[in-house]
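Hi,

Here is the structure I said I would pass on. Have a look at it first, and then read on for what turned up.

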Amino acid sequence: MTDIDKLRTEFLDLEFDRAGFVLEADTSIKIAKAYGETRPEFIDPSHPDFQACLPILASLASGRRLPIDFPSLGGLSMDGGKAVSSIAPVKLGVPLTGRTHLHDIYAKSGRSGTMVFLVSRMQLYDNEGTHLASTDSRQVIREKPA
Amino acid sequence: MTVEVLSDVEFGMELPAFEPDTTLAASRSFAEAAGYTGNGRFEDHDKARAQGLPSALVPGIMGLGLLTKMINDWAPRGTVKQIDTVFRAPVLADHEHVVTAVVTDIDEDEGQIVLDLSIKNKKDETRVFGTATVAIPLT
């Protein structure tokens with residue numbers, strides 16, 4: 001049985017990754033058009049409020065994003081969901097910095113066993129240090145029966 | 001039907017449901033745009049089944065996009081401030097789905113509303129659910 005309290009004490013709210021990158025306008029437009037977006041601020045680079053669509057921000061949190069020393073919990077890992085909080089429009093083609101930490105660790109138990117939820121949060125900043133958005137990735141691990 | 005200002009919104013109001021394109025071609029197109037191609041799980045039923053999946057999947061963030069599109073179409077002057085999606089079960093490519101939302105809170109001081117969101121298949125099984133907070137202009 002995973003010691004959730006111990007994991008929370010050791011890993012919550014500690015930045016474990018910081019990376020710089022640029023979100024390309026063409027990529028965001030292609031993604032927006034692929035899900036049927038029609039709002040010009042997401043598909044028209046000439047629009048004064050042209051900005052990144054939310055799914056491209058959510059994609060930043062994809063994959064297994066955990067601290068390098070986070071213990072293996074075994075079990076079956078699944079993508080449990082994504083969240084995006086938008087504070088200010090994220091401009092495209094400009095340098096951004098993503099800082100990632102474990103935002104939450106919790107467990108739910110039922111008749112079929114226990115599932116552990118790991119929520120990784122990437123906070124996006126521009127070059128001036130303005131916090132633009134946060135993206136969460138919820139990883140679900142179904143524990144192997146004892 | 002669309003809403004322009006907050007006073008157009010009523011508690012319990014349902015957004016116009018829509019049936020998104022969740023064909024394999026649409027899934028593949030989104031995966032190519034997002035750089036998710038390569039292992040076949042979003043592009044090829046046989047390759048997905050070889051990985052133990054029931055069939056090819058619609059990418060999870062495409063579901064988030066479909067929900068965002070519904071909100072943006074309904075409130076063309078609104079801004080999605082927050083969206084949280086729970087992937088309860090895979091959205092299978094080449095299966096028909098319906099995207100729905102209902103207004104569950106209205107904050108007239110902040111000019112924001114809260115929506116409950118879902119993507120269901122034709123068996124009425126919820127595949128994705130979540131919430132969104134949307135800013136709507138007061139005037």
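Which residues have the most contacts inside the largest nonpolar core? Before I get to that, please keep in mind that this is a predicted model. The residues in question are A:Leu23, A:Leu57 and A:Val90 from chain A, together with B:Trp74, B:Ile83, B:Ile113 and B:Leu115 from chain B, and the core they belong to has 62 residues. Helix 3 of chain B, residues 60-74, gives this core its largest share, with eight residues. There is also another core apart from that one, made of twelve residues, including A:Phe11, A:Leu66, A:Val116 and A:Ile141. As general background, nonpolar side chains in soluble globular proteins tend to be buried together.

To get a feel for the big core, try clicking on A:Leu23. Setting aside neighbours within four places in sequence, A:Leu23 touches A:Ala52, A:Ile56, A:Leu57 and A:Leu60, and also A:Val90, A:Leu92, A:Gly93, A:Val94 and A:Leu96. Two of the names from the core list, A:Leu57 and A:Val90, turn up among these contacts.

Now the two chains, one at a time.

Chain A contains four helices and five strands. Going from the N terminus, its elements come in the order α-β-α-α-α-β-β-β-β. Along the principal axes, the C-alpha atoms of chain A fill a box of roughly 60 × 35 × 20 Å. Of the 146 residues in chain A, 47% are buried. If you take the contacts in chain A with a separation of 6 or more, 68% of them are between residues 24 or more positions apart. Chain A exposes about 7400 Å², and 51% of that is supplied by carbon and sulfur atoms. As for charges, chain A has 17 positive and 19 negative ones, with mean positions 7 Å apart.

Chain B has three helices and four strands, in the pattern α-α-α-β-β-β-β along the sequence. Its C-alpha atoms fill a box of roughly 55 × 30 × 20 Å, again along the principal axes. Buried residues account for 48% of the 139 residues in chain B. Here, 63% of the contacts with a separation of 6 or more are between residues 24 or more positions apart. The exposed area of chain B is about 6400 Å², with 46% of it from carbon and sulfur atoms. Chain B carries 12 positive and 22 negative side chains, and the centres of these two sets are 10 Å apart.

Next, have a look at helix 1 of chain A. Which of its residues are buried? They are A:Ile4, A:Leu7 and A:Phe11. Seen down the helix axis, the buried residues of helix 1 of chain A fall within an arc of 60°, so they line one face. The general reason is that an α-helix has 3.6 residues a turn, so residues three or four places apart point the same way. On the face turned away from that buried side, helix 1 of chain A carries the exposed residues A:Asp5 and A:Thr9. The cover over its buried residues includes strand 3 (95-110) and strand 4 (113-125) of chain A. One of the buried three, A:Phe11, is also among the residues of the twelve-residue core.

A little further along is A:Phe16, in strand 1 of chain A. Is A:Phe16 buried or partly exposed? A:Phe16 counts as partly exposed because its relative accessible area is 25%, which falls between the cut-offs of 20% and 50%. Leaving out neighbours within four places in sequence, A:Phe16 is in contact with A:Arg65, A:Leu66, A:Pro67, A:Thr100, A:His101 and A:Leu102. A:Thr100 is 84 residues away from A:Phe16 along the chain, yet their C-alpha atoms are separated by 6.0 Å.

Last, two backbone oddities. Most residues other than glycine have a negative phi. A:Asp13, though, has a positive phi near 65°. A:Asp13 lies in the loop between helix 1 (4-11) and strand 1 (15-22) of chain A, and is exposed at 53% relative accessibility. In chain B, B:Asp124 also has a positive phi, of about 65°, without being a glycine. B:Asp124 lies in the loop between strand 3 (112-121) and strand 4 (126-135) of chain B, and is exposed too, with a relative accessible area of 54%.

Cheers

Notes:
Residues numbered from 1 in each chain as written. Chains lettered and ligands numbered in written order. Predicted model: local features only at pLDDT ≥ 70, side-chain atom pairs only at ≥ 80, totals over all residues. Heavy atoms only, no water. Helix = DSSP H or I, 4+ residues; strand = E, 2+ residues; numbered from the N terminus. Buried < 20%, exposed > 50% of the residue type's maximum accessible area, 1.4 Å probe, protein only. Core = buried A, V, L, I, M, F, W, Y, C linked by side-chain atoms within 4.5 Å. Contact = heavy atoms within 4.5 Å. Areas by Shrake-Rupley, 256 points an atom, 1.4 Å probe, with all protein chains shown as cover. Lys, Arg positive; Asp, Glu negative; His and termini not counted. Charge placed at Lys NZ, Arg CZ, Asp CG, Glu CD. Arc of directions from axis to C-beta.
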